[in-house]
Amino acid sequence: MEYDNLNLDKFCTTDFAYWIGVVQTDGFLKKLFRKNRNRITYYIGLGVGNKSKPMLNKFVTLSKSLFEINGSFFNGVSKEGFETSQFIFGCTSLIPFYERIGLNFKDLSPPSFILNSNELFGAYLAGVIDGDGNVNISRKEYPQCKIRIYSGKIELQLANAIEKILDCKVNQIKRSHKSRIKNRFFVSNSVVMEFRVYPKNFDFIKNFVLPHMALDYKSVKVEGYIKFRRATSGNRTHFKRELQFF
């Protein structure tokens, strides 16, 4: 396949935008030097636990469709003791194409063509939330819904895009988390990006983000919150009575 330019309809799609969101969060680009061939080869991979298999399945389907590759599957157990599934495919011939469109594998930074379309940015954000996001419903009385995206550092480009396109404030907070798995203790540092789901962005999220998400346990929670808020808008008595929804 020839990857000449981004004007090809094949790549200006919500499928490709979602794929980029996933690969920038849970995915990885690996570079290897093959001594026997005296050359560098590149691989793209995605590894997930059982709960995220629907996202992995969608990523595999899109990778095969977009790039006409086969790839390989691996099943195993992580060092923390969790069952994992991984998909990897060679992408050496694709590297010039990725560079040409400005695809960054180290930051949560959507390529410029995605920022010019609500449909494409919504699909990209769906991939990011499926990959490294979660949905939090806070406050028992008059609940708020917040989407949190976890990263290893401050992500200014994505935060600025969310603020501009979804018309909402984005906060980024550095956090340390201590956890214990079996007899081992872990300390992880992360940055949590957080923004609210509220009336100004209800339509955008419902129309452009939720239809592309593969993980129902995340998307259904957001969809239910939007439906609930619209049903109880302006009716505080009904609002309190329906809190059991959450």
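Reader: How many bridges join strand S5 to S6, and in which sense do the two strands run?
Author: In this predicted model, strand S5 covers residues 133-138 and runs antiparallel to S6. One facing pair is Asn 134 and Arg 148, the latter in S6. The number of bridges that join S5 to S6 is six.

Reader: How many of the eight residues of strand S6 are buried?
Author: Strand S6 takes in residues 144-151 and is mostly covered. A residue counts as buried when its relative accessible area is under 20%. In S6 the number of buried residues is seven.

Reader: What does the secondary structure of the protein chain come to?
Author: Among the elements are strand S6 (residues 144-151) and helix H8 (residues 216-232). For the protein chain the secondary structure comes to nine helices and eight strands.

Reader: What share of the residues of the protein chain count as buried?
Author: The protein chain has 246 residues. It exposes about 13,700 Å², of which carbon and sulfur atoms supply 47%. The share of residues that count as buried is 43%.

Reader: Among contacts between residues at least 6 apart in sequence, what percentage join residues at least 24 apart?
Author: One contact in the protein chain is that of Leu 120 with Cys 12. Another is that of Tyr 98 with Trp 19. Among contacts between residues at least 6 apart in sequence, those that join residues at least 24 apart come to 62%.

Reader: Which residues touch the most other members of the largest nonpolar core?
Author: Nonpolar side chains tend to be buried together in soluble globular proteins. The largest nonpolar core here has 67 residues. Its members that touch the most others are Trp 19, Phe 67, Tyr 98 and Ile 162.

Reader: Where does the largest share of this core come from?
Author: The core in question is the largest nonpolar one, with 67 residues. Its largest share amounts to eight residues. That share comes from helix H5 (residues 118-132).

Reader: Which residues does Tyr 98 touch, not counting residues up to four places away in sequence?
Author: Tyr 98 is one of the residues that touch the most other members of the largest nonpolar core. Two of its contacts, Ile 44 and Phe 89, stand opposite each other, with Phe 89 in S4. Beyond four places in sequence, Tyr 98 touches Trp 19, Ile 44, Phe 67, Phe 89, Cys 91, Leu 103 and Phe 105.

Reader: In which sense do strand S2 and strand S4 pair?
Author: Strand S2 covers residues 39-49 and strand S4 residues 83-90. Their pairing extends over seven bridges. The sense of the pairing is antiparallel.

Reader: What is the bridge partner of Phe 73 in S4?
Author: Phe 73 has its place in strand S3, and six bridges join S3 (residues 72-77) to S4, the two running antiparallel. Phe 73 touches Val 60, Gln 86 and Phe 87, leaving out residues up to four places away in sequence. One of these contacts lies 14 residues away in sequence and 4.6 Å away in space, C-alpha to C-alpha. The bridge partner of Phe 73 in S4 is Phe 87.

Reader: Is Phe 73 buried, partly exposed or exposed?
Author: Buried means under 20% relative accessible area and exposed means over 50%. Phe 73 has a relative accessible area of 47%, so it falls between the two and is partly exposed.

Reader: What span is expected for helix H8, at 1.5 Å a residue?
Author: Helix H8 has 17 residues, and its end C-alpha atoms are 23 Å apart. The buried residues of H8 include Val 222, Tyr 225 and Phe 228. The C-alpha separation agrees with the expected span, which is 24 Å.

Reader: How many of the 15 residues of H5 are buried?
Author: From its first C-alpha to its last, H5 reaches 21 Å, close to the 21 Å expected. Its buried residues include Leu 120, Phe 121, Tyr 124 and Asp 130. H5 is mostly covered, and the number of its buried residues is twelve.

Reader: What distance separates the C-alpha atoms of Leu 120 and Asp 15?
Author: Leu 120 has its place in helix H5 and counts as buried at 9% relative accessibility. Its contacts beyond four places in sequence include Thr 13, Thr 14 and Ala 17. Leu 120 and Asp 15 are 105 residues apart along the chain, and their C-alpha atoms are separated by 8.5 Å.

Key. Residues numbered from 1 in each chain as written. Predicted model: local features only at pLDDT ≥ 70, side-chain atom pairs only at ≥ 80, totals over all residues. Heavy atoms only, no water. Core = buried A, V, L, I, M, F, W, Y, C linked by side-chain atoms within 4.5 Å. Buried < 20%, exposed > 50% of the residue type's maximum accessible area, 1.4 Å probe, protein only. Helix = DSSP H or I, 4+ residues; strand = E, 2+ residues; numbered from the N terminus. Contact = heavy atoms within 4.5 Å. Expected span 1.5 Å × (residues − 1). Pairing = 2+ DSSP bridges. Areas by Shrake-Rupley, 256 points an atom, 1.4 Å probe, with all protein chains shown as cover.
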